[in-house]
Amino acid sequence: MTLPTAPTPAERSTKWLATKGLRPTRQRLALAERLVGDGKHRHVTAESLFDASKGAGDTVSLATVYNTLRAFCDAGLMHEITVDGNKSYFDTNTSEHPHFFWEDTGELTDASTERMDITNLPSAPADAEIASVDVVIRLRRT
């Protein structure tokens, strides 16, 4: 009897794209492998993903990285978190959860929901509904 083997990064990436019906182009597969190839969640910026891809020898432009991240978000594979109104991070963990933003390093990390309780939200306008609530807790090292 042989035991099942763990999926390879390429297999994991292909399956990730297939869950939302995205065509596995060469660029999408390369970026997906950087994002989910090891099975762990990531918080990336377009620039950090571009640098990681370039360092791995992938030939992908920064514009392609931005477009691909947008396609991944539109498909529901990732969630975009905006910090300071102009800096976007992309999270492969699409469940509702808060984040810590480390001001000294510019790093975004997951925060525990264990003790978090969001209550008494303002009512949405009559022609709208609340789609989600993003919580970013800014931290400064002491």
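Two strands count as paired if DSSP finds at least two bridges between them. The model used in these exercises is predicted.

**Exercise 1.** Determine how strand E4 is joined to E5, and which residue stands opposite Phe 101.

Solution.
- Strand E4 covers residues 99–102, and four bridges join it to E5.
- The two strands run antiparallel.
- Within this pair, Phe 101 has Leu 108 of E5 opposite.

**Exercise 2.** Place E4 and E5 in their sheet and identify the edge strands.

Solution.
- The sheet is open, has three strands in the order E5-E4-E6, and its pairing is mixed.
- Strand E5 (107–110) and strand E6 (136–139) each have a single partner strand, so they stand at the edges with one side left without a neighbour in the sheet.
- Ignoring direction, neighbouring strands of this sheet are turned by 30 degrees against each other on average.

**Exercise 3.** Work out the order and pairing of the sheet that contains E1.

Solution.
- This open sheet of three strands has the order E1-E3-E2, and the pairing is antiparallel.
- Strand E1 (43–44) and strand E2 (79–83) are the edge strands, each pairing on one side only.
- E1 is joined by two bridges to strand E3 (residues 87–91); the cut-off for a pair is at least two bridges, so E1 and E3 pair.
- Val 44 stands opposite Phe 90 in E3.

**Exercise 4.** Locate Val 133 and classify it as buried, partly exposed or exposed.

Solution.
- Val 133 lies in the loop between E5 and E6.
- Its relative accessible area is 31%; buried means under 20% and exposed over 50%, so Val 133 is partly exposed.
- Val 133 joins Met 116, Ile 118, Leu 121 and Ile 130 in making a nonpolar surface patch of about 380 Å².

Terms used. Residues numbered from 1 in each chain as written. Predicted model: local features only at pLDDT ≥ 70, side-chain atom pairs only at ≥ 80, totals over all residues. Heavy atoms only, no water. Axes fitted to C-alpha atoms, helices over the stretch in contact; angles between N-to-C directions. Patch = residues over 30% accessible without salt bridge, like charges linked within 9 Å, V, L, I, M, F, W, Y side chains within 5 Å. Areas by Shrake-Rupley, 256 points an atom, 1.4 Å probe, with all protein chains shown as cover. Salt bridge = Lys/Arg side-chain N within 4 Å of Asp/Glu carboxyl O. Buried < 20%, exposed > 50% of the residue type's maximum accessible area, 1.4 Å probe, protein only.
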